[in-house]
Amino acid sequence: MPVITEIEDLRRMHKRRTPKMFYDYAESGSWTEQTFRENSSDFDMIRLRQRIAVDMAGRSTKSQMIGEDVAMPVALAPVGLTGMQCADGEIKAARAAEKFGVPFALSTMSICSIEDVADHTTKPFWFQVYTLKDDEFMQRLFDRARAANCSAIVITVDLQIMGQRHKDLKNGLSAPPKFTIASMANLATKIPWGLEMLRTKRRFFGNIVGHAKGVSDPSSLASWTAEAFDPSLDWERIKQFRKMWGGKVILKGILDAEDAKKAVEVGADAIVVSNHGGRQLDGALSSIRILPEVMDAVGDKVEVHLDSGIRSGQDVLKALALGAKGTYIGRAFVNGLGAMGEAGVTKALEIIHKELDVTMALCGERDIANLGKHNLLVPKEFYGDWA
Ligand code: GLV
């Protein structure tokens, strides 16, 4: 058993264990992957301010996200096809999150269905939806989420059309995988993954297959998004979704101060500053760079969260210090899941928790609520001079 000390260890194990098409699906950005790369490298531009001789005893990473107690303000982001990284992946990730005390957000494009995850967990989780054309299907998703006792809906507002990730096209991504010569050759090297997959019945998009009408190829993410997603989405429609759900709403995919103000107007309970992990508009700025501008615009009016680029507890601290009340990890937990199943997700959370805790201590902080810009050293060029 290798010694696992950082998320990068889990990523390498994930790559070895999981079929290429699913590993690549998680580890890609769109087009040139500039935004995908900068989501991480921009975190590296920010440095931390070390303080000494400050009492660091009795530290806590406990906090709240949308009024829910969290062991640390790090939620598991909704990630499509998680149940293909490892058999029953969403159930395993949800259980790890529940035991750790952080929120789990289930993707509509999950393999395990809402009902399946609810049956295998005891606490409410969040459910993510896209903005689809089909009102009846949307209403059914909301009803199913309500019946499963979900405590919030995360509406993805940056994916009316899907960004192109070259590898998905080249690999012929589908769930379950289609048997081509290339995919068979690769699957033959992933025996433990394959044996687990053969033992589960969960190999299709559990929230879609048998629920959505008029889907020509239910194994293809690309064809479903092209057919079902609403190109005419506007703020009125988002308001409508909020009414249809009737509970807490988190709007995910805000990358502009003007849009953040609109999100406040439509009554979002929280917004997620996000560029979808660099998977949508390649060339957009990183989430961490946009965060200060969004905080200036709406920080006193709505709870602001951040995703995209977080791979360590230090990244979490930087986002919190710049004003975010919560953060999300996507790839970091998927790496754990693909590496070692539920234990790997727990490991990813433990790594990030330890990094956050030790970083807080060395920055002279004991309480998440006290983190602020005073903990950071931010170079002028971080803010940029974008015209
Ligand atoms: C879906 O939301 C994806 O990014 O693939």
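In which hand does α5 pass α16 in their crossing? The crossing is right-handed (clockwise turn of the near helix from the far one; an anticlockwise turn by less than a right angle would be left-handed).

## What you're looking at

This is a predicted model, where local features need pLDDT of at least 70 and side-chain atom pairs count only at pLDDT 80 or more, while totals for chains, interfaces and linings use all residues. Residues are numbered from 1 along each chain as its sequence is written, and side-chain values use heavy atoms, with hydrogens and water left out.

Helices (DSSP H or I, at least four residues) and strands (E, at least two) are numbered from the N terminus.

## Helix α5 against helix α16

Two packed helices are described by the angle between their axes and the distance between the axes. For α5 (residues 89-100) and α16 (residues 331-362), the angle is about 20 degrees and the axes are 10 Å apart. Axes here are lines fitted to C-alpha atoms, for helices over the stretch in contact, and angles run from 0 to 180 degrees between N-to-C directions. The pair is therefore roughly parallel (under 35 degrees; over 145 is roughly antiparallel, 65 to 115 roughly perpendicular, and the rest oblique).

Who touches whom? On the α5 side look for G89, K92, A93, R95, A96, A97, K99 and F100, and on the α16 side for F333, L337, G341, E342, V345, T346, L349, E350 and H353. Contact means heavy atoms within 4.5 Å. Sorted by class, this contact has eight nonpolar, four polar and five charged residues (nonpolar: Ala, Val, Leu, Ile, Met, Phe, Trp, Tyr, Cys and Pro; charged: Asp, Glu, Lys and Arg; polar: the others, Gly among them).

M72 touches some of the residues just named. Its contacts, not counting residues up to four places away in sequence, are T61, F100, V102, L349, I352, H353 and L356. M72 is found in the loop between β3 (68-70) and β4 (74-76), and with a relative accessible area of 0% M72 is buried (under 20%; exposed is over 50% and partly exposed in between, with a 1.4 Å probe and protein chains only).

## Helix α7 against helix α12

The axes of α7 (residues 135-147) and α12 (residues 235-245) come within 9 Å and cross at roughly 40 degrees, which means α7 is oblique to α12. This crossing is right-handed too. D135, M138, Q139, F142, A145 and R146 of α7 make the contact with R237, F241, M244 and W245 of α12. Six of the contact residues are nonpolar, one is polar and three are charged.

W245 also shows up among the contacts of A152, along with I66, F125, W126, F127, K248 and I250, leaving aside neighbours within four places in sequence. A152 sits in strand β7 and is buried at 0% relative accessibility. A152 and K248 are 96 residues apart along the chain, yet their C-alpha atoms are separated by 4.8 Å.

## Around L221

L221 is in helix α11 (residues 221-228) and counts as buried at 5% relative accessibility. Beyond residues up to four places away in sequence, L221 touches Y25, L81, M109, M162, L173 and F205. Measuring C-alpha to C-alpha, M72 and L221 are 32 Å apart in space and 149 residues apart in sequence. For L221 and Y130, the figures are 13 Å and 91 residues.

## Cysteines

A disulfide is a covalent bond between the sulfur atoms of two cysteines. How many does the structure hold? Zero, taking a disulfide as a pair of cysteine sulfur atoms within 2.5 Å. For C112, the nearest cysteine sulfur is that of C86, 9.4 Å away. C112 is buried at 0% relative accessibility.

C150 has its closest cysteine sulfur in C112, at 14 Å, so the two are too far apart for a bond. C150 is buried as well, at 8% relative accessibility.

## Backbone oddities

Most residues other than glycine have a negative phi, and most peptide bonds are trans. D88, in the loop between α4 (82-85) and α5, has a positive phi near 60 degrees and is buried at 18%. N149 also has a positive phi, about 70 degrees. N149 lies in the loop between α7 and β7 (152-156) and is partly exposed, at 48%.

The peptide bond from A175 to P176 is cis, with omega near 0 degrees. Look for P176 in the loop between α8 (166-171) and α9 (181-187).
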